[in-house]
Each structure stands twice: as structure tokens, then as C-alpha cells.
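Trainee: I would like to take a close look at a single part of this model, and I would be glad of one connected explanation that I can follow with the structure open beside me.

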Amino acid sequence: MAFVLPVNHSKKMTKVDVLLGLQWGDEGKGKIVDVFTPKYDIIARFQGGPNAGHTLEFDGIKHVLHTIPSGIFHEDTMNIIGNGVVIDPVILKKEIEKLTDRKVDVKKKMIVSRKAHLILPTHKMLDAASEAAKGKAKIGSTLKGIGPTYMDKTGRNGLRVGDIELSDFQERYDVLVSKHRTMLDQYGFDYSALAEAEKEWFTGIDTLKSLTFIDSEHYLADAIKGGQTVLAEGAQGSLLDIDFGSYPFVTSSNTICAGACTGLGIAPNKIGEVFGIFKAYCTRVGSGPFPTELEDETGERMRKEGNEFGSTTGRPRRCGWIDLPALKYSISINGVTQLIMMKADVLSIFDTIKVCTHYNYKGVKTDKFPYNVEPENVQPIYVDMKGWNKDLTGLTNVEDMPKELNDYIAFLEKELETPITVVSVGPDRKQTLIRDKALV
Ligand code: GDP
Ligand code: IMO
Ligand code: MG
């Protein structure tokens, strides 16, 4: 598909662009990274792990990537798994095998930071034990071992990819697992399946060993100096960020733009464009507050039309109207320079589209995302917009967008003070409309 990425690349490129989610994940990051990849030499994942599910569709085939960056289908692009990512060797092995079946040579096109941490089988067990112990207060984790692995990282107990190259790797593994066993005993968790899981894990380690390991900070510094173009690919969304998300119902990494610096070793002054991606409405999977959630027939219709079921766990996603206080918050924290609006086609079924412009926060009208976003503190305040009621999925030209869709976009751009430069109208690569910078 021919399109011009609306970024000023006329000078020699010395900055890293970042693409990240502004809501609670699943905004469509995988699709857009794939669409943008022809313009970049390197695509780099900077945080999260196999809790992510990034979907790409082209030539009638759908691919879901969990750990592997979404640039992998393009011939001339290098893909990096950065130090901020946590890797489950078992899942990575499966991903590589699936891609090999599709004639993608992952070993040639992907390199891995030595400083990325490893998810052990016992991390997954600890995730399950912790969730079970929380009962009703559970996070709704994907149970991929993300939280416990990042806990070991910050607790300075973790195992890293670079450790695989050390002669005492097995010993280090045993020390950590022994700690985990004690913890699992405290939970009363049955870990009799561990021996079997370990066999599979070490087979995954063998596959991981066959990849090229790098120090991503050096690699990227040289790449930037050499004028190579880099796009950092976020996972999850800003409202799941460990610091700024709806804590404790968040993931365990920094999903925001700053995470690209710490998760790849890029200096803050080397960040260029920040692409903030959002759905034309809003979804969330797992527990936690969601001010504009629709627990009614309208939410059900949205879920059905948008096929809102988790790419990683298959769980139904909770659905609701677009939330501007939340988006303003995410745009501000990330320094978003351009917005990308996804799934506009899904809203075609509605005569009226609601936009939450403010919250009633404990009786006071505000457009600030507050500390307490639980329903007892926050009620959304909406304006109604006329729907477009037209099928958008065949659109190829921005000029053919219905007036009501243009009105919706213009309203959001004005409220969010950021241009919406890309509009997506279907899951396929081709269903992507590139607009000019409307506001600068
Ligand atoms: P990610 O985690 O941000 O990469 O997003 P996911 O892949 O988990 O979820 C996005 C879902 O929406 C996937 O099933 C995509 O194929 C699909 N999708 C992406 N863009 C569009 C769009 O514009 N319209 C529709 N109908 N589906 C889309
Ligand atoms: P992508 O990259 C949507 C959610 C989980 C849970 C919380 C914590 O596809 O957008 P974790 O397994 O990280 O401990 O779960 O975060 N979550 C996601 N929701 N998309 C994701 O990734 C997610 N990754 C984690 O549902 O509520
Ligand atoms: Mg996803």
C-alpha cells in the first residue's frame, strides 16, 4: 500500500519515534506498527511480554504476536526485543515456529537484548497463586507470569537473557526456583507440574540461545548515529502503566513513552514523534475501574461489532464510549505529537455516538483524570454526536469520509489539541486512511 508517513524525515534521522496505546491496551498497535514498518529500519519492543497480543492482518491472513515485534513481516527491517521486555522462552519458541511455517526467518530478522528478563515456569505459578489469593480483588492478570517476573527484576533476583551464556546458568536458575518454591508453599500452591514445565522451558532456552543477543543500548545508539530510522513499539496501554494507570489494576511495567527510554536505553532527547493510538470508543479486559463502561445492550453491540475478545486470553473485552479526560491524561504524560484513531468502522452501527468530555468527580465537573476513578467517585458527562451510519470498511480515500465522521474527528482534535493523522477502518493493512496534519 502506498502512503506517505506524515513525519518530517527530510533531515538525516537521529530520533526514535514511539508508538504506544493511550487506553487500556488492544488499541490496534500491532496493525499500525506493521503499516508503518516500511518507513523504518528498526522496530523495537520496549516493555511487557507475552501478556501482549498484537494482531496483524494482510493477504487474508491474521497473525497474533506476543513477544515478537510487529515489524517481523517486512523483509528489510530489523526487530529488537529490548531490555524492558520479559520473555517466556516457551511462548517465544512457539511464536518463532509459527512464523517459520509462514516462511519468516526470525533468526535473521530479530535480535534480543541480553538485559531482557526471563519468565520462569514458577513465575507463572506465582501469578496464578497471587491472583487466587486475591479472590474478588484479583487484577484479572493474563497469568503469563508478568508481575512476578518484574518483581524479581526490581527485587534484584531475576534471570536475564545474558545469563544463559554464563557457565553457572543452571545454578542461578535453581537458586531462583528454590526461592519461588518457598513462596508457592506459603500460598499452598500445588507445583507438581513443575518438572514437566521445566523440560519445555529449557527446550525454549535452547531456541532462545540460537538467536543473536545484543546490548540494545549500544546497538541503538550506533543505529541512530548512522542515520537509521527506529520505531519503538509499546505494549499494553497508558492506563495500564504501573505508575500512572488505574493502580493496582495495571500491568507491572512502564507502558508510557518514558518506558521506551528505560526499556531500550534511549536518551529522552532522542525521542522524536510520539504516535498515540486509541480506539474510536474504549475497551478494557481484566478488572479495574472503567468510567464510560456500558454494561448494557449498547456495550454488547459494540463488543459484537468490534469483535472485542482478547487476542491473548480470548476473554470478552469490556466496552464503552470514548473517554476524553482519560485520553487527555495519556496524551499529556506521553507527549503525544500525533494521534491514530482505530476501529472507526465499528461505530457505524450507532445513530448517536456519545463522547465523555468531563467527569463529575465527587460533585465537581472536571476534565482531569483523578486519583480515584472508581464509579462511586466518577460519573462520566457526555455530549451526543450524530453517527455516520455508513459502512467505512471499503474506504480508501480520506476525501470520501462521511461528514459526521469528519465532525467526530474535528471535535476530538479540538478537545485533545492534537492532530489525528491516521484513521483505521478495518483490521487489514489496507484499511488505513492517512490524513494530513490537521493541527500543529
Ligand atoms: P494491540 O494489542 O494494540 O495490537 O491490539 P489487538 O490486536 O489486541 O486488538 C485490536 C483488534 O482490532 C485486532 O483484532 C485487530 O485485528 C482489530 N483491528 C485493528 N484495527 C481495526 C479497525 O480499524 N477496525 C476493526 N474492525 N478492527 C480493527
Ligand atoms: P496489548 O499489548 C489489554 C491487562 C490484563 C490485566 C492487567 C494485568 O495486547 O495491548 P498482566 O498479565 O500484565 O499482569 O495483567 O493488564 N493486560 C492487557 N490488556 N491488552 C494488553 O496487551 C494487556 N496486557 C495486560 O488483562 O487486567
Ligand atoms: Mg492486544
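Which of the 20 residues around ligand 2 come nearest?

Mentor: Please keep in mind from the start that this is a predicted model. Of the 20 residues around ligand 2, the ones that come nearest are Asp-26, Lys-29, His-54, Thr-142 and Thr-251. If you sort the shell around ligand 2 by class, you will find seven nonpolar, ten polar and three charged residues.

Some of these neighbours can be followed down to single atoms. At Asp-26 a polar backbone atom lies 2.8 Å from an oxygen atom of ligand 2, while at Lys-29 an N or O atom in the side chain lies 2.7 Å from an oxygen atom of ligand 2. Ser-141 takes part as well, with a polar side-chain atom 3.5 Å from an oxygen atom of ligand 2. Taken alone, ligand 2 exposes 550 Å², and the protein buries 97% of that area.

Asp-26 deserves a second look, for Asp-26 (OD) is also a donor of the magnesium ion, which is ligand 3. The protein donors of this ion are Asp-26 (OD) and Gly-53 (O), and they lie 2.1 to 2.2 Å from it. Asp-26 sits in the loop between strand 1 (16-21) and helix 1 (29-36), whereas Gly-53 sits in the loop between strand 2 and strand 3, so the pair ties together parts that are 27 residues apart in sequence. The two donors also fall into separate accessibility classes: Asp-26 has a relative accessible area of 22% and is therefore partly exposed, while Gly-53, at 11% relative accessibility, counts as buried, because buried means under 20%.

Lys-29, in turn, leads us from ligand 2 to ligand 1. Ligand 1 is surrounded by 20 residues, and the closest are Lys-29, Thr-55, Ser-311, Asp-345 and Ser-424. With ligand 2 it was the side chain of Lys-29 that supplied the N or O atom, but with ligand 1 a polar backbone atom of Lys-29 lies 2.8 Å from an oxygen atom of the ligand. Ser-311 places a polar side-chain atom 2.8 Å from an oxygen atom of ligand 1, and a polar backbone atom of Gly-426 is 3.0 Å from an oxygen atom of ligand 1. Ligand 1, taken alone, exposes 590 Å², of which the protein buries 94%.

Let us now go back to the loop that holds Gly-53. Gln-47 lies in the loop between strand 2 (42-45) and strand 3 (54-58), and with a relative accessibility of 2% Gln-47 counts as buried. Its side chain makes a polar contact of 3.2 Å with the side chain of Gln-236, and another polar contact, of 3.0 Å, joins the side chains of Gln-47 and Ser-253. If we leave aside residues up to four places away in sequence, Gln-47 touches several others, among them Gly-84, Val-85, Tyr-150 and Asn-254.

Gln-236, the partner of Gln-47 in that 3.2 Å contact, is found in the loop between strand 10 and helix 9 and is buried, at 8% relative accessibility. Its backbone calls for attention, since Gln-236 has a positive phi of about 55 degrees although it is not a glycine. To see why that is worth noting, remember that most residues other than glycine have a negative phi, and that most peptide bonds are trans. The second half of that reminder matters here too: Pro-248 lies in the loop between strand 10 (230-233) and helix 9 (257-264), and the peptide bond from Tyr-247 to Pro-248 is cis, with omega near 5 degrees.

A last comparison can be made with Lys-103, which has a positive phi of about 70 degrees although it is not a glycine. Lys-103 is found in the loop between helix 2 (89-101) and helix 3 (106-109). While Gln-236 is buried, Lys-103 is exposed, with a relative accessible area of 76%.

Note on methods
Residues are numbered from 1 along each chain as its sequence is written. Chains are lettered from A and ligands numbered from 1 in the order in which they are written. This is a predicted model: local features need pLDDT of at least 70, side-chain atom pairs count only at pLDDT 80 or more; totals for chains, interfaces and linings use all residues. Side-chain values use heavy atoms; hydrogens and water are left out. A residue is near a molecule or strand if one of its heavy atoms lies within 4 Å of it. A polar contact is a pair of N or O atoms within 3.5 Å; within protein, one must be able to donate a hydrogen and the other to accept it, and residues adjacent in sequence count only if both atoms are side-chain atoms. Accessible areas come from the Shrake-Rupley method with a 1.4 Å probe; for residues, only the protein chains shown count as cover. Ala, Val, Leu, Ile, Met, Phe, Trp, Tyr, Cys and Pro count as nonpolar, Asp, Glu, Lys and Arg as charged, and the others, Gly among them, as polar. Helices (H or I, at least four residues) and strands (E, at least two) are DSSP runs, numbered from the N terminus. Buried means under 20% relative accessible area, exposed over 50%, partly exposed in between (1.4 Å probe, protein chains only). Contact means heavy atoms within 4.5 Å. Donors are N, O and S atoms within 2.8 Å of the metal (3.2 Å for Na, K and Ca); water is not among the atoms, so sites may look incomplete.
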